[in-house]
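Work through the exercises below with the sequence and the model open beside you. Try each task before reading its solution.

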Amino acid sequence: MHHGRPRLVLAAIEHLESLKSLQHEDSALVDERERLLASLTELVLLIDHDCTVRSCNLPARSFFGISEEGWRARPLGELVQAPFGPFLTTLARRVIDSGVQERIDLEIEKPTHRKISLITIPLPYGAAIIGEDATLTEDRDRAQRALRAIDSALAAVDGLATVQINPRGFVTTPTPSLSAMTKLGTELLESIRFSSLFDVKSRAQVGDAVNAVMNGEGSTRLSAQLLVNDGSMQPVRIGLAPLTSLTGIKGVEAVLVLCPSG
């Protein structure tokens, strides 16, 4: 959170605050707003002064069990199942009337235990209810710690490395295992395109394979010659798989395995 607002939705809030009404919008404005909300991992519900839901993104529908169809222009208390529907309606009405944003933390026991942090923000046409699933954040942090431990173990076992590649083809958060395999420092790896780690003959093939995975063509594997920072080249096998989120493919996971030379 940043000053009481989720960091990733600051730009979205600025846009939403610029709107005067959620009714009588032309289709271009509606499409722009829906694209904006669809790009967020936070859950977002937009409601008017009557607490009628005017927009609801996929994370919100998933968390509150809202069906894909038939949710538009329905009362918040009717759309979101009890006890949260009436509670959220009361909260939203209080924020709309007072003009003061509020933040609350909820714990949900069924069907699975989840913790969520909600902030309700007054807007010219009603309010926005924005939430971060704290359970997902905790799960992600736990998974990242496990991955870091695994990668440290890989670095200790000569011949294996993993790394993530962003949509532009650059290495993201260089790993100890890749640093050990290439003999390049992590600072240098942070600014390097993944395909440039390979010899000229392999480079185009590696770049094309990464682009294919990013474009949704599925996991793939290939062989290449890895440049090592001691002047040598090492034959490697590379496995590539898409890193996905609710909004689509956000990067590529690569696994490199040194092959016996000769």
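**Exercise 1. Is Asp97 buried, partly exposed or exposed, and which residue does Asp97 form a salt bridge with?**

Solution. The model is a predicted one.

Step 1. Compare the relative accessible area with the cut-off. Asp97 has a relative accessible area of 57%, and exposed means over 50%, so Asp97 is exposed.

Step 2. Find the partner. Asp97 forms a salt bridge with Arg93, and the closest N and O atoms are 3.5 Å apart. The distance can be checked against the rule that the nitrogen lies within 4 Å of the carboxyl oxygen.

Step 3. Locate the two residues. Both Asp97 and Arg93 belong to helix H5 (residues 84–98), where they are four residues apart, about one turn of the helix.

Step 4. Classify the partner. Arg93 has 30% relative accessibility, so Arg93 counts as partly exposed.

**Exercise 2. How many salt bridges does the structure hold, and how far apart are the closest N and O atoms in the bridges of Glu78 and Arg94?**

Solution. Side chains of opposite charge can pair when their charged atoms come close.

Step 1. Take the total. There are four salt bridges in the structure.

Step 2. Take Glu78. Its salt bridge is with Arg74, with 3.1 Å between the closest N and O atoms. Arg74 is at 25% relative accessibility and therefore counts as partly exposed.

Step 3. Take Arg94. This residue forms a salt bridge with Glu102, and here the closest N and O atoms are 2.8 Å apart. Arg94, with a relative accessible area of 40%, is partly exposed. Glu102 is partly exposed as well, with a relative accessible area of 22%.

**Exercise 3. How many aromatic pairs are there, and is the pair of Phe63 and Phe64 stacked or edge-to-face?**

Solution. Step 1. Count the pairs. With ring centres required to lie within 6.5 Å, the count is two aromatic pairs.

Step 2. Use the geometry of the pair. The ring centres of Phe63 and Phe64 are 5.2 Å apart and the planes stand at 85 degrees, so this pair is edge-to-face. The cut-off for that label is over 60 degrees.

Step 3. Look at the other pair. Phe194 and Phe198 are also edge-to-face, at 5.2 Å centre to centre and with 70 degrees between the planes.

Step 4. Add the accessibility. Phe63 has 19% relative accessibility and so counts as buried; the cut-off is under 20%. Phe64 counts as buried at 7%. Phe194 and Phe198 are both buried.

**Exercise 4. In what order do the strands of the five-stranded open sheet lie, and which are the edge strands?**

Solution. Strands of a sheet pair through backbone hydrogen bonds, either parallel or antiparallel.

Step 1. Read the order. The open sheet runs E7-E6-E10-E9-E8, and its pairing is antiparallel.

Step 2. Find the edges. Strand E7 (171–172) and E8 each pair on one side only, and these are the edge strands.

Step 3. Go through the pairings. E8 and E9 are joined by eight bridges in the antiparallel sense, and Leu222 stands opposite Ile238 in E9. E9 and E10 are antiparallel over 10 bridges, with Leu243 opposite Gly251 in E10. E6 and E10 pair antiparallel over six bridges; Gln164 has Glu253 in E10 as its bridge partner.

**Exercise 5. Why does the span of helix H9 agree with its number of residues, and which strands do the buried residues of H9 pack against?**

Solution. Step 1. Calculate the expected span. H9 covers residues 200–214, which is 15 residues; at 1.5 Å a residue the helix should span 21 Å. The multiplication uses one less than the number of residues.

Step 2. Compare. The end C-alpha atoms of H9 are 22 Å apart, which agrees.

Step 3. List buried residues. Among them in H9 are Ser202, Val206, Ala209 and Val213.

Step 4. Find what they pack against. The buried residues of H9 pack against strands E6 (160–165), E8 (220–227), E9 (233–245) and E10 (248–258).

Step 5. Look past the helix end. Just after H9, Gly216 has a positive phi of about 90 degrees.

Key:
Residues numbered from 1 in each chain as written. Predicted model: local features only at pLDDT ≥ 70, side-chain atom pairs only at ≥ 80, totals over all residues. Heavy atoms only, no water. Helix = DSSP H or I, 4+ residues; strand = E, 2+ residues; numbered from the N terminus. Buried < 20%, exposed > 50% of the residue type's maximum accessible area, 1.4 Å probe, protein only. Contact = heavy atoms within 4.5 Å. Phe/Tyr/Trp six-rings, centres within 6.5 Å; stacked < 30°, edge-to-face > 60°. Pairing = 2+ DSSP bridges. Salt bridge = Lys/Arg side-chain N within 4 Å of Asp/Glu carboxyl O.
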